[in-house]
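Reader: I'm new to this one, so could you walk me through it?

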Amino acid sequence: MKQQTAILALMAVVTLAGCKEKKQTQDIIAPRIEVAKPSGPIRMQPYNDQRDVKWLGKTYKVEVNRLPNDSLPMVTDETGQKFVDNRISLVVRRADGSLAIQKTFTKAAFDGYIDAGYRKAGILEGLVFDEVDDQQLKFAASVCLPQTDEYIPLSVKIDNFGNVRIARDSQMDTNGDDEDEE
């Protein structure tokens with residue numbers, strides 16, 4: 001019996017020692033996630049490209065300028081971040097410097113070729129000269145969801161009378177600039 005009492009006493013001591021209050025620490029096992037608050041509206045960098053193009057048997061200077069434009073409606077992403085949309089101007093000059101074509105594009109010019117999600121949350125990302133195609137100047141354009149890799153590729157063709165034809169482009173340029181390959 002003495003042996004049972006000693007074992008029970010030992011078990012009681014061990015149990016009481018195990019129930020001792022643990023020291024509380026300020027250590028956080030998982031770091032706190034701070035949700036970034038939207039900053040002021042984000043603008044893309046201005047862009048300018050000028051190049052000489054052989055078209056209709058003559059040399060023309062094609063100039064594309066992209067500028068963020070505060071007068072256009074801003075778009076907002078799912079975090080509440082606002083983005084300024086862009087206005088792109090296209091100027092085509094003859095060799096003597098006279099104006100042949102002048103056009104301005106905003107996202108609204110592409111409304112018929114983009115879906116509602118891109119109309120609401122997309123911005124006009126760019127317009128770049130591609131090639132002379134069937135005696136028309138061909139440009140690649142895109143409307144994108146800001147700060148993502150998601151965009152709708154578009155084709156813009158302009159004839160020598162300044163008529164513009166826009167189509168959704170099924171072929172995305174994944175090879176980069178063709179001029180680098182020549």
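What follows is a short set of questions and answers about the structure.

Author: This is a predicted model, where local features need pLDDT of at least 70 and side-chain atom pairs count only at pLDDT 80 or more, while totals for chains, interfaces and linings use all residues. Residues are numbered from 1 along each chain as its sequence is written, and side-chain values use heavy atoms, with hydrogens and water left out.

Reader: What is the mean pLDDT of the protein?

Author: pLDDT is the predictor's confidence in each residue, from 0 to 100. Here 75% of the residues reach 70 or more, and the mean is 86.

Reader: Where does pLDDT stay under 50?

Author: Where pLDDT is low, the predicted coordinates should not be read in detail. The stretch in question has 2 contacts beyond four places in sequence, a contact being heavy atoms within 4.5 Å. It covers residues 174–182.

Reader: Which strands stand at the edges of the open sheet β1-β2-β5-β6?

Author: Strands here are DSSP runs (E, at least two residues), numbered from the N terminus, and two of them pair if DSSP finds at least two bridges between them. The 4 strands of this sheet pair antiparallel in the order β1-β2-β5-β6. Two of them have a single partner strand each, so one side is left without a neighbour in the sheet: β1 and β6 (99–105).

Reader: How many bridges join β1 to β2?

Author: β1 spans residues 47–55 and β2 residues 58–68, and they run antiparallel. One pairing puts N48 with N65 in β2, and in the hairpin, with 2 residues between the strands, L56 takes a positive phi near 55 degrees. The number of bridges is 9.

Reader: Which residue in β5 stands opposite L67?

Author: β2 pairs with β5 (residues 86–93) in the antiparallel sense over 8 bridges. Opposite L67 in β5 stands R87.

Reader: What are the edge strands of the sheet β7-β8-β9-β10?

Author: This is an open sheet of 4 strands with antiparallel pairing. β7 and β8 (residues 136–144) are joined by 9 bridges, and I123 has C144 in β8 as its bridge partner. The strands that pair on one side only are β7 (123–133) and β10 (164–168).
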